[in-house]
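Reader: I'd like to learn how to read empty space in a protein model. Can you walk me through a case?

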Amino acid sequence: MVAPGGGGGGGGGGPARWPSEEELDIVRKKVVEISGRDEREVRVAACPYRICPLGAHIDHQGGIVTAMTINYGVLLGFVPSNDSEVLLRSGQFEGVIRFRVDDLQKPIDNPENINWESYARGAVYALQNSGYDLRKGIIGYISGVKGLDSSGLSSSAAAGIAYLLSLENVNDLVVSSVDNIQLDKSIENKYLGLENGILDPSAILLSRYGYLTFMDCKTASPSYVYFSELSKSQQPQGHLPFKILLAFSGLQHNLPKKRGYNTRVFECKEAARALLHASGCEEASNILRNVDSVVYEAQKCVLEENLSRRAEHYFSEMKRVAKVTLVMLPRNGRDAWARGNLQELGQLISASGRSSILNYECGSKEMIQLYEILLKAPGVLGARFSGAGFRGCCLAIVESDRAEEAAAYVADEYEKAQPELVSRIPADRRVLVCEPGDSARVILPDDRLHS
């Protein structure tokens with residue numbers, strides 16, 4: 001059975017399902033065209049996009065982050081090839097990929113060479129370097145959502161995971177979700193050269209509909225909180241009183257090709273190094289999670305101005321996520337979600353957004369404009385950047401019955417502010433109303449019979 005996620009439809013007020021049977025059929029037929037095989041042989045890796053309401057930018061520092069998926073994502077239809085060849089086509093990009101899984105893959109040494117083929121080769125690289133035996137390739141067709149790639153929703157991680165799942169499936173490899181998180185991290189860190197943490201693959205591989213995932217990025221251990229589970233008036237199972245708004249800026253670039261993200265990671269490590277040195281803990285690795293909050297408060301005066309801001313974002317974000325430090329906040333995201341208090345949760349999300357701007361300094365003028373417009377939109381409870389914040393989109397939590405009104409307001413106001421950028425975005429992709437989703441999985445041919 002196809003697990004319930006979000007989806008391009010649905011009814012009855014419950015969760016819509018993604019992918020829909022129509023979306024699956026399109027991908028299956030493309031694979032039949034490419035491979036000449038029977039449609040009943042086609043398998044589909046469904047990997048949703050993700051959002052991070054709280055905890056942004058602190059995963060690479062061992063922080064605790066929150067995540068959920070949405071009802072849009074990457075679909076990779078595939079069949080096993082007869083040998084070790086990989087043959088792929090894309091719904092978004094030109095050309096055909098051809099290589100063999102027994103070809104030795106080497107890391108990319110120039111970010112300018114990264115393209116859609118890189119993620120397929122990166123998946124082979126990650127599996128090869130982790131000792132997995134790859135004998136069979138795949139013949140496949142991969143399709144994301146037009147306009148949502150390079151938009152801050154981790155479409156690259158979704159693609160990487162789709163390739164991992166498909167290669168594992170045809171080679172009869174049993175790989176846990178936790179191991180696949182590390183394999184995707186290997187694609188990003190070692191093959192592509194992007195210094196990110198485990199937030200993206202954790203969200204895509206571990207999310208559950210109706211739950212907020214809390215990922216401890218130092219121990220790689222997840223925990224889950226169901227919405228309003230502590231409330232005396234819990235929502236009926238499968239009914240959530242909010243939607244997710246995604247508003248797109250029109251700014252796009254491939255993150256590994258830009259230096260801003262890796263620079264912030266380096267600055268956080270430098271802040272950790274200075275704080276650990278000041279406290280006599282030089283032997284600890286240079287991540288801010290290894291700095292006690294009491295030490296931070298006592299020693300933060302040693303930090304240079306920009307390093308001070310990076311550290312402030314980390315420690316304030318940790319407080320917003322959960323009660324994990326000695327300096328307690330009366331409110332935090334875990335408690336607000338568990339009590340079903342969307343007002344409090346929204347305030348924390350917006351505060352996280354402000355810290356990203358002021359302390360992490362990752363917002364462009366256009367992204368900041370979009371963030372501020374979202375905060376004024378009717379029914380919006382909280383907003384922040386999505387992804388690294390240098391381009392792409394902003395997310396908002398919005399009351400369900402005001403979601404369409406809010407979307408129309410944001411689209412109109414942002415077009416007034418940035419008409420040229422908005423003209424580059426397809427009209428039906430400027431602001432999307434989404435629902436929470438489920439985790440990545442491989443949908444087998446027989447699954448349609450039971451869905």
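**Reading the empty space**

Author: Sure, and keep in mind that this model is predicted. Let's start with an enclosed space: the lining of the largest cavity splits into eight nonpolar residues, no polar ones and one charged.

Reader: How does one find such spaces to begin with?

Author: Rolling a probe the size of a water molecule over the atoms shows where empty space is left. Here, two cavities of 30 Å³ or more turn up.

Reader: What volume does the largest cavity have?

Author: About 50 Å³. Around the largest cavity sit F248, L370, V410, A411, Y414, V422, I425, R430 and V431.

Reader: Which helix gives the most to that lining?

Author: Helix 12, spanning residues 403-417, with three residues.

Reader: Okay, now an open space. How much room is in the second largest pocket?

Author: That pocket holds about 310 Å³ of space. It has 17 lining residues, and E23, L75, S143, G144 and V145 are the closest to its centre.

Reader: Which elements each supply at least two residues of its lining?

Author: Helix 1 (21-35), strand 2 (64-80) and strand 5 (138-143). Strand 2 has the largest share, four residues.

Reader: And what classes of residue make up the lining of the second largest pocket?

Author: Seven nonpolar, seven polar and three charged. Set that beside the largest cavity, with its eight nonpolar, no polar and one charged.

Note on methods
Residues are numbered from 1 along each chain as its sequence is written. This is a predicted model: local features need pLDDT of at least 70, side-chain atom pairs count only at pLDDT 80 or more; totals for chains, interfaces and linings use all residues. Side-chain values use heavy atoms; hydrogens and water are left out. On a 1 Å grid over the protein atoms alone, a cavity is a set of points where a 1.4 Å probe fits but cannot get out, and a pocket is an open set with protein on both sides within 12 Å along at least five of seven lines; lining residues have an atom within 4 Å of a point. Grid points are joined across faces, edges and corners, and a volume is the space filled by probe spheres set on the points. Ala, Val, Leu, Ile, Met, Phe, Trp, Tyr, Cys and Pro count as nonpolar, Asp, Glu, Lys and Arg as charged, and the others, Gly among them, as polar.
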